[in-house]
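Trainee: I've got a model open and want to talk through how its inside is packed. Can we go step by step?

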Amino acid sequence: MIIADFLLCRHSWYPAIPVTAVTIMLVLVDAFIFTRLTSKKFSNEVFPLFYNCQVHKFIDETNRLLAKKAKGPVVSLYNSVVARGYGSIDDYDSVYECCRKIKTKSYKSEYHRLMIEYCLKNNQFDKAHEEIEALRKLMEKMKNPKYIEGCDTSIKNAEFYMRIQQGNYEGAEEHYLKQLDTIKPLYPITEASYSFALGKLLILKGESERARKYLQVANDLGGDTKYKKFAEELLKKLDADKEPALT
């Protein structure tokens, strides 16, 4: 319960699977996997690594504690968790491999959310639309309002990404600003991700100086995530574009 709650419930950009759906399963496997010591370690030491953009350490610790112990339905839980880390460091081959192992019905929504990201990364927009529609169908049967809201946000993020890639920027800036303003608590990894998205959008809109502010936030907070890496690259490009040409 602690693991599912802490990782999946506290981020509005990928909130929890309905925790009640896995409560019985977690109780049954507690004696074998999620001992009190392991649960405490996750809540106090492992998940904060993710929140604070120390993603490589988060992945290493998750794998060390769970990779060889996950069996049955816990395999889907474990892969749903660690795939978020891989996505945050731009390792989408590993995200895909994790998705292949998410087979428990209770985790199908997480499977589709991860696959949406994978398809966007690979510019497979038709496939991304298919995954979005599959997630929407699952949402019709969901009863957890916070989780429904999280799935809806994932869909909106994906749709805005595709529109931006096609040159349609309408509504995207407002969406990103709203997320930065309303997500509570705003963890560093969440702020870095939306700040980078906003900075990149503003560059495309020709507002480079405004973009610099948000890219700097992503660079400062991003730790070892892809958001810092990509923000740093864009900041260097902006600096290079400002330098006077040599004559």
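Mentor: Sure. First a term: a nonpolar core is a set of buried Ala, Val, Leu, Ile, Met, Phe, Trp, Tyr and Cys residues joined through side-chain atoms within 4.5 Å. And keep in mind that this is a predicted model.

Trainee: Okay, which helix gives the most to the largest nonpolar core?
Mentor: That core has 68 residues, and Phe58 and Tyr176 have the most contacts inside it. The helix giving the most, with 8 residues, spans residues 188-204: it's H11.

Trainee: And what does Phe58 touch, leaving aside its neighbours within four places in sequence?
Mentor: Phe58 is one of the two residues with the most contacts inside the core. Leaving those neighbours aside, its contacts are Val46, Phe47, Leu49, Phe50, Val81 and Gly85.

Trainee: Back to H11, is Ser195 buried or exposed?
Mentor: Ser195 lies in that helix. Its contacts beyond four places in sequence are Leu180, Tyr214, Leu215, Val217 and Ala218. Buried means under 20% relative accessible area. Ser195 has 2% relative accessibility, so the call is buried.

Trainee: Which backbone oxygen lies 2.7 Å from a polar side-chain atom of Ser195?
Mentor: Stay in H11, where Ser195 sits. The oxygen at 2.7 Å from that side chain belongs to Glu191.

Trainee: At what angle do H11 and H13 cross?
Mentor: H13 covers residues 226-242, and the two axes come within 10 Å. The crossing is left-handed. On the H11 side the contact includes Ile189 and Phe196, and on the H13 side Phe230 and Leu234. The residues split into 9 nonpolar, 1 polar and 1 charged, and the axes cross at roughly 30 degrees.

Methods. Residues are numbered from 1 along each chain as its sequence is written. This is a predicted model: local features need pLDDT of at least 70, side-chain atom pairs count only at pLDDT 80 or more; totals for chains, interfaces and linings use all residues. Side-chain values use heavy atoms; hydrogens and water are left out. Buried means under 20% relative accessible area, exposed over 50%, partly exposed in between (1.4 Å probe, protein chains only). Helices (H or I, at least four residues) and strands (E, at least two) are DSSP runs, numbered from the N terminus. Contact means heavy atoms within 4.5 Å. A polar contact is a pair of N or O atoms within 3.5 Å; within protein, one must be able to donate a hydrogen and the other to accept it, and residues adjacent in sequence count only if both atoms are side-chain atoms. Axes are lines fitted to C-alpha atoms, for helices over the stretch in contact, and angles run from 0 to 180 degrees between N-to-C directions. A crossing is left-handed if the near helix is turned anticlockwise from the far one by less than a right angle, and right-handed if clockwise. Ala, Val, Leu, Ile, Met, Phe, Trp, Tyr, Cys and Pro count as nonpolar, Asp, Glu, Lys and Arg as charged, and the others, Gly among them, as polar.
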